[in-house]
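Student: I have a model open and would like to talk through its strands and helices with you. Can we take it piece by piece?

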Amino acid sequence: IYGAPDADCFRSRIIPNTSTDATLLGNAQWAWLQGELQKPAALRVIVSSIQVIPEQHCFEKWANFPRERQRLLDLLATANGGRTVIISGDRHLAEMSRIDVSGLDAPIYEVTSSGLNSARSGSGELNRFRITANNVRVDNFGVLRLGTHEGGNSLGLEIRGVTGEILQQVELPLQPN
């Protein structure tokens, strides 16, 4: 996906690949994922080595393959119940993002955490889906915590510093399936 850089991504030289042949998952992986999403679930945790929701930064992300990203979001919209959370990394920063997807009753959240010893980048970086004003640029890790909140099941999303202090958090209700 390296090509002629645009003004915003000159240093990384990464540009979106809109080719119909460009893929992140193979046919067998897409078929497997579709089958898994048809199983009833109260919570779905999708793990990706690169960010799914953010679009604006100049590094590796699903948005560099816009057809694949849209295919994934469309597939998640067909899931058989439950809340969807994505966990990702490989950014040397942490942040939480949220996107509303047509067909879903609740937004999809993404928790990006990295690294335990190498956080440093992302100063001033835009992310229109970020749910806080800033990303976290200190060493960190992410936590998904199941519990109860206001009389119902809940999911806590947390970004913590390496000594365990909570740097960012969100509490989400989980609907019974």
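Student: How many of the ten residues of strand β6 are buried?

Tutor: Bearing in mind that this is a predicted model, seven of the ten residues of β6, which covers residues 152-161, are buried, so the strand is largely enclosed by the rest of the structure.

Student: Which sheet does β6 belong to, and in what order do the strands come?

Tutor: β6 belongs to an open sheet of three strands, ordered β5-β6-β7, in which the pairing is antiparallel. The edge strands are β5 and β7, each of which pairs on one side only, and the twist from one strand to the next averages 15°.

Student: How many bridges join β5 to β6?

Tutor: Ten bridges join strand β5 (residues 140-149) to β6, and the two run antiparallel. As one example of the register, asparagine 140 has glycine 161 in β6 as its bridge partner. The two strands form a hairpin with two residues between them, where glutamate 150 takes a positive phi near 50°.

Student: And on the β7 side, how many bridges are there, and which residues stand opposite each other?

Tutor: β6 pairs with strand β7 (residues 166-173) over seven bridges, again in the antiparallel sense. Serine 154 stands opposite proline 173 in β7, and leucine 155 has leucine 172 as its bridge partner in that strand. These strands also form a hairpin, with four residues between them, and glycine 164 in the turn has a positive phi of about 100°.

Student: Switching to the four-strand sheet: what is the strand order there?

Tutor: The order is β1-β2-β4-β3, in an open sheet with mixed pairing. β1 and β3 (95-99) stand at the edges with a single partner strand each, so one side of each is left without a neighbour in the sheet. In this sheet the twist averages 20° from one strand to the next.

Student: Mixed, OK. Which pairs run parallel or antiparallel?

Tutor: β1 and strand β2 (residues 83-88) run parallel and are joined by five bridges, with arginine 44 standing opposite threonine 84 in β2. β3 and strand β4 (residues 108-112), by contrast, run antiparallel, and five bridges join them; there, isoleucine 99 stands opposite isoleucine 108 in β4.

Student: Back to β1 for a second, which of its side chains are buried?

Tutor: In β1 (residues 43-47) the side chains alternate, with Arg44 and Ile46 pointing to one face and buried, whereas Leu43, Val45 and Val47 point to the other face and are not buried. That fits the general pattern, since in a regular strand the side chains alternate between the two faces of the sheet.

Student: Now the helices. At what angle do α1 and α2 cross?

Tutor: Helix α1 (residues 27-37) and helix α2 (residues 66-77) have axes that come within 10 Å and cross at roughly 25°. That angle makes α1 roughly parallel to α2, and the crossing is right-handed.

Student: Which residues meet there, and how do they divide by character?

Tutor: From α1, Trp30, Leu33, Gln34 and Leu37 meet Glu68, Arg71, Leu72, Leu75 and Leu76 of α2. The residues of this contact divide into six nonpolar, one polar and two charged.

Student: Leucine 73 isn't in that list, so what is leucine 73 in contact with?

Tutor: Leaving aside its neighbours within four places in sequence, leucine 73 is in contact with Ile99, Val101 and Ile108. Its C-alpha atom is separated by 9.2 Å from that of isoleucine 108, which lies 35 residues away along the chain.

Student: Why does leucine 73 count as buried?

Tutor: Leucine 73, which lies in helix α2, counts as buried because its relative accessibility is 4%, and the cut-off for buried is under 20% relative accessible area.

Student: What about proline 66, which residues does that one contact?

Tutor: Proline 66 is also in helix α2, but it is partly exposed, with a relative accessible area of 31%. Outside its neighbours within four places in sequence, proline 66 is in contact with Pro16, Asn17 and Thr18.

Student: And how far apart are proline 66 and valine 47 in space?

Tutor: Proline 66 and valine 47 are 18 Å apart, C-alpha to C-alpha, and 19 residues apart in sequence.

Technical notes
Residues numbered from 1 in each chain as written. Predicted model: local features only at pLDDT ≥ 70, side-chain atom pairs only at ≥ 80, totals over all residues. Heavy atoms only, no water. Axes fitted to C-alpha atoms, helices over the stretch in contact; angles between N-to-C directions. Parallel < 35°, antiparallel > 145°, perpendicular 65-115°, else oblique. Left-handed = near helix turned anticlockwise from the far one by under 90°. Contact = heavy atoms within 4.5 Å. Nonpolar A, V, L, I, M, F, W, Y, C, P; charged D, E, K, R; others polar. Buried < 20%, exposed > 50% of the residue type's maximum accessible area, 1.4 Å probe, protein only. Pairing = 2+ DSSP bridges.
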